[in-house]
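Work through the following exercises with the model open beside you, and compare each of your readings with the worked solution that follows it.

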Amino acid sequence: MDADHSTESERFWEAHYAERGAPTNAPSPSPMLVDLIGEFARHPGTALELGAGQGGDALWLARGGWTVTAADASATAARRIAETARAEELTDRVTAVQADLAQDIPHGSFDLVFACYFQSPVEIDRDAIIAKASRQVAPGGMLLVIDHASVAPWSWDQDIQFPAPEQTLEAFALTGEWDRLVVEPRRRTATAPDGASTAEVTDNVLVVRRGL
């Protein structure tokens, strides 16, 4: 039998998505992402998503004309994104990639690099991943990060503490010239994974644009 060379992140997220089963409907995008794209990126271009999950954000962008590379540590998650893209005839706009981003980030130059709730119970150097990915933002393009900043009743860790948006941006140690468009907490209504309940939560929102 071949040795298992997968990483801890790959094993954790593969089990997570394999156990959940495929969604019965196409996954929905993050409402916060939808608002931010409408506010700052009305013209579609190329995008790289870090931690794509089952593809709600990537597929939504593709439907709007974006060409998206969606990367996730789980092979099951990447496969489901590809399957949904085929079903919706979006294969020319969506490339699903299985990758442990701590080791391998898809190459290219992108008008948008984004990460929505790219936070993990598995220890990773997330700041270093985002810093590295930020170097692939094209001149005039954006880095967009949406993080949890409060705990929902159904979260797996009720004791976690979150940094302020300014601290998060500083930790990325971005190089070059960047214009700060949004660096602030924002409130939203979140729906539980089972769809049965909602709660008011806070997100840290960071949107910065690379200088030309």
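**Exercise 1: an aromatic cluster**

Phe12, Trp13 and Tyr17 form one aromatic cluster, where rings of Phe, Tyr and Trp (its six-membered ring) pair if their centres lie within 6.5 Å, with planes under 30 degrees apart counting as stacked, over 60 as edge-to-face and the rest as tilted. The model is a predicted one, in which local features need pLDDT of at least 70 and side-chain atom pairs count only at pLDDT 80 or more, while totals for chains, interfaces and linings use all residues. Residues are numbered from 1 along each chain as its sequence is written, and side-chain values use heavy atoms, with hydrogens and water left out.

Task: determine how many aromatic pairs there are, and classify the pair formed by Phe12 and Trp13 and the exposure of each of these residues.

Solution. The pairing rule gives two aromatic pairs. In the pair of Phe12 and Trp13, the centres are 4.9 Å apart and the planes make an angle of 85°, so the geometry is edge-to-face. For exposure, buried means under 20% relative accessible area, exposed over 50%, and partly exposed in between (1.4 Å probe, protein chains only). Phe12 is therefore partly exposed, because its relative accessibility is 32%, whereas Trp13, at 14%, is buried.

**Exercise 2: from the cluster to a helix**

Task: decide whether Thr76 is buried or exposed, and find which residues it touches beyond four places away in sequence.

Solution. Thr76 is found in helix α4, helices (H or I, at least four residues) and strands (E, at least two) being DSSP runs numbered from the N terminus. Because its relative accessible area is 5%, Thr76 is buried. With contact meaning heavy atoms within 4.5 Å, Thr76 touches Glu14, Tyr17 and Ala18 once residues up to four places away in sequence are set aside; Tyr17 also belongs to the aromatic cluster of Exercise 1.

**Exercise 3: the sheet beneath**

Task: establish in what order the seven strands are arranged, and where helix α4 lies on them.

Solution. Taking two strands as paired if DSSP finds at least two bridges between them, the seven strands form an open sheet of mixed pairing, in the order β3-β2-β1-β4-β5-β7-β6. Its edge strands, each pairing on one side only, are β3 (94-98) and β6 (178-191). Within the sheet, β1 (residues 46-50) and β2 (residues 67-72) pair in the parallel sense over five bridges, and Glu49 stands opposite Ala70 in β2. Helix α4 (residues 75-87) lies across β2 and β3 and runs at about 165° to β3, with axes fitted to C-alpha atoms, for helices over the stretch in contact, and angles taken from 0 to 180 degrees between N-to-C directions.
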